[in-house]
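Student: Could you take me through the surroundings of the bound ligand in this model, and then connect them to the rest of the fold? I would like one continuous account, with the distances and angles kept explicit.

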Amino acid sequence: MKRAKITIIGAGNVGATCAHWAASKELGDIYLVDIVEGLPQGKALDLYEASPVEGFDARIVGLNSYEETADSDVVVITSGIARKPGMSRDDLMATNVKIVAEVTRSVIEHSPNTILIVVSNPLDAMVYTAWKVSGFPTNRVLGQAGVLDVARYRSFIAAEVGCSVEDVSALLLGGHGDDMVPLPRLTSVGGVPVSQLIPAGRLEDIVTRARNGGAEIVGLLKTGSAYYAPASATIAMVESIVRDKKRVLPCAAHCDSEYGVGGYFVGVPCILGSGGVEKVIEVELEPKEREMFNASVEHVKELSAATEKLLAG
Ligand code: APR
């Protein structure tokens with residue numbers, strides 16, 4: 001069977017860690033691209049040299065150009081600048097729109113049929129940028145946000161209950177981090193509603209911590225932002241696509257009639273398979289949840305309008 005071809009743009013913390021997870025899961029051959037000369041080559045070689053020890057077979061190539069990325073099955077875009085303490089995700093906007101637009105043009109020139117997974121922040125604006133610039137159908141452009149937010153939420157719940165992280169099942173909707181919409185009524189631990197295990201006030205604290213999960217790590221690291229969990233979340237999406245697993249994962253996906261969004265990328269549960277976003281799953285929302293979701297969509301609309309302006313200028 002032919003190995004999948006996975007290209008990762010940006011060989012910084014998130015990109016290199018994506019390569020690491022993807023290689024260790026033997027998801028395919030990996031092409032790591034960056035503008036810094038030697039960086040992707042050095043990291044790719046280092047990772048390849050770990051393969052005999054770890055026992056994975058993959059071609060891992062570092063590049064400063066796009067020719068060799070031709071006909072990638074999936075392209076992950078992590079290039080851009082990361083947050084420093086005191087910066088919001090939106091502060092990265094102008095710089096990262098330019099970078100993501102330029103990278104998308106180069107990617108699609110060589111891989112016109114690929115599936116684009118955008119990770120760069122502010123996520124909701126970057127996925128919109130990649131979609132606009134690529135002109136791809138909406139099933140082939142998506143953003144990573146929800147898997148990470150849910151992972152943070154699940155890990156804090158497991159720590160609180162003292163149970164395995166595997167047994168916490170949860171769903172969040174809406175934008176990344178600050179804009180996420182928690183759905184405690186759909187959160188369970190081994191099938192038991194979380195409300196029976198964690199008091200409401202405590203659960204609210206956990207939601208807040210998950211919402212601010214990125215800022216918490218930025219505050220601790222001081223020189224950059226999170227990368228282990230963001231990369232792991234991204235590779236869960238890549239895996240579902242290249243292995244056609246059809247997992248149900250929360251992604252920033254294009255919603256038109258879905259949830260009445262009207263043509264924007266928002267965090268919703270999706271079936272991910274070889275066709276990319278194969279289906280957006282609609283959850284019936286209660287009035288308070290709907291209110292939060294709508295507020296989240298409004299912020300996405302503002303970001304998308306600002307993105308349009310930057311792309312036009
Ligand atoms: N083409 C390719 N690579 C680029 C380009 C470009 N035009 N511009 C920047 N890069 C590369 C940088 O050289 C750097 O190696 O992107 C990489 C970014 O890596 P880091 O600075 O380590 O940032 P990282 O922590 O990986 O975060 C990347 O993901 O989660 C988001 O908010 C985060 O937007 C940020 C992105």
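**The ligand shell and the fold around it**

Tutor: Helix H1 (13–24) and helix H3 (93–110) each supply at least two residues of the shell around the ligand, and H3 gives the most, with four residues. Since you will want to weigh every distance that follows, please keep in mind that this is a predicted model. In total, 21 residues surround the ligand, and the closest of them are Asn13, Val14, Asp34, Thr78 and Asn121.

Three polar contacts give this shell some chemical detail. A polar atom in the side chain of Asp34 lies 2.6 Å from an oxygen atom of the ligand, and a polar side-chain atom of Asn121 is placed 3.0 Å from a ligand oxygen atom. A nitrogen atom of the ligand, for its part, is 3.2 Å from an N or O atom in the side chain of Glu102. As for how much of the ligand is covered, the ligand taken alone exposes 730 Å², and the protein buries 86% of that.

From the ligand we can turn to the strands, beginning at the start of the chain. Strand E1 (residues 5–9) is largely enclosed by the rest of the structure, because five of its five residues are buried. Both faces of E1 are covered, with Lys5, Thr7 and Ile9 buried on one side and Ile6 and Ile8 buried on the other. E1 runs parallel to strand E2 (residues 29–33), to which five bridges join it, and the partner that Ile9 finds in E2 is Val33. Lys5 also takes part in a contact of another kind, in that its charged end sits over the ring of Tyr31, 4.6 Å from the ring centre. A comparable arrangement occurs at Arg209, whose charged end sits over the ring of Phe156 at 4.2 Å from the centre.

A second enclosed strand is E12 (residues 247–255), where seven of the nine residues are buried, so that this strand too is largely enclosed by the rest of the structure. E12 pairs with E13 in the antiparallel sense over nine bridges, and one of the bridge partnerships joins Cys255 to Tyr264 in E13. Elsewhere, three strands form an open sheet in the order E7-E10-E11, with antiparallel pairing. Its edge strands are E7 (168–169) and E11 (192–193), each of which pairs on one side only. Two bridges join strand E10 (residues 188–189) to E11, and in E11 the bridge partner of Ser188 is Pro193.

E13 also brings us to the aromatic side chains. If rings are taken to pair when their centres lie within 6.5 Å, the count comes to four aromatic pairs. For Trp131 and Phe265 the ring centres are 5.5 Å apart and the planes stand at 65 degrees, so this pair is edge-to-face. The pair links distant parts of the chain, with Trp131 in helix H4 (residues 123–134) and Phe265 in strand E13 (residues 264–273), 134 residues apart, and both Trp131 and Phe265 are buried. The rings of Tyr227 and Tyr228, by contrast, have centres 4.8 Å apart and planes at 35 degrees, so that pair is tilted. With a relative accessible area of 23%, Tyr227 is partly exposed, whereas Tyr228 counts as exposed at 55% relative accessibility.

Ring pairs also link Tyr128, Trp131 and Phe265 into a cluster. Tyr128 lies in helix H4 and is buried, with a relative accessible area of 6%. The C-alpha atoms of Tyr128 and Val118, which are 10 residues apart along the chain, are separated by 9.3 Å.

One more position completes the account. Ala226 has its place in the loop between helix H7 (213–221) and helix H8 (228–242), and with a relative accessible area of 13% it is buried. Its C-alpha atom is separated by 22 Å from that of Thr129, and the two residues are 97 residues apart along the chain.

Key
Residues numbered from 1 in each chain as written. Predicted model: local features only at pLDDT ≥ 70, side-chain atom pairs only at ≥ 80, totals over all residues. Heavy atoms only, no water. Phe/Tyr/Trp six-rings, centres within 6.5 Å; stacked < 30°, edge-to-face > 60°. Buried < 20%, exposed > 50% of the residue type's maximum accessible area, 1.4 Å probe, protein only. Lys NZ or Arg CZ within 6 Å of the ring centre and 35° of its normal. Pairing = 2+ DSSP bridges. Near = heavy atom within 4 Å. Polar contact = N/O pair within 3.5 Å; in protein donor to acceptor, adjacent residues only side chain to side chain. Areas by Shrake-Rupley, 256 points an atom, 1.4 Å probe, with all protein chains shown as cover.
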